[in-house]
Amino acid sequence: ESELAVVQFKYPRGILTFDSAYFYYDLTDAVPEEYHLATPSNAKPIGDERVRQYYQPLPMLTIGVTEIAYGADKVRTYDLERLLLETARMKCKLPSDLYKEVILGFRARADHLSTEKIGDYLRRFPKRNLIERILYEEVF
């Protein structure tokens, strides 16, 4: 089994996000040094040094969850619309070079993103006005 499959098996409630998701969606060619996993906010800390954990409230954790193919593996991650919202929401915490690269990737795919999904997801996010402003200034 691949290391990716093992990590997903060990943490079945985890959802690959940020650097990991960017790589699997080909928004960046930088191979992440860790697996970036979103987990429920009440989850125990993951002691695995291969994993970087992000806590999410349970109602937000499941918004936009999907499964994509990556080689022979299935990757549990967020759809592109949710990943875009996460990227905008965490703009200040992401390295600026990675943020710019990923936003350019989203901008190139803007015609293929569902604005209906984005609008639906935005209603469930805190600070949605700030996120919406970032999206329209930098992506659409």
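On helix α5, the face turned away from the buried side carries four exposed residues: Asp97, Lys100, Leu104 and Ala108. The model shown here is a predicted one. Helix α5 is a convenient place to start reading it.

The helix covers residues 96-108, which makes 13 residues. From its first C-alpha to its last it reaches 18 Å, close to the 18 Å expected at 1.5 Å a residue. Which residues of α5 are buried? They are Leu98, Tyr99, Val102, Ile103, Gly105 and Phe106. Looking down the axis of α5, one finds these buried residues within an arc of 155°, so they line one face of the helix. What does this buried side pack against? The buried residues of α5 pack against three helices: α2 (18-24), α4 (80-89) and α7 (128-138).

One of these partners, α4, leads to the next residue to look at. Glutamate 86 is found in helix α4. Is glutamate 86 buried or exposed? Its relative accessible area is 1%, and a residue counts as buried under 20%, so glutamate 86 is buried.

The surroundings of glutamate 86 can be listed. Leaving aside residues up to four places away in sequence, glutamate 86 touches Phe18, Gln56 and Phe125. Phenylalanine 18 is 68 residues from glutamate 86 in sequence, yet the two lie 7.8 Å apart in space, C-alpha to C-alpha. The side chain of glutamate 86 is also joined to the side chain of arginine 82 by a polar contact of 2.8 Å.

Terms used: Residues numbered from 1 in each chain as written. Predicted model: local features only at pLDDT ≥ 70, side-chain atom pairs only at ≥ 80, totals over all residues. Heavy atoms only, no water. Helix = DSSP H or I, 4+ residues; strand = E, 2+ residues; numbered from the N terminus. Expected span 1.5 Å × (residues − 1). Buried < 20%, exposed > 50% of the residue type's maximum accessible area, 1.4 Å probe, protein only. Arc of directions from axis to C-beta. Contact = heavy atoms within 4.5 Å. Polar contact = N/O pair within 3.5 Å; in protein donor to acceptor, adjacent residues only side chain to side chain.
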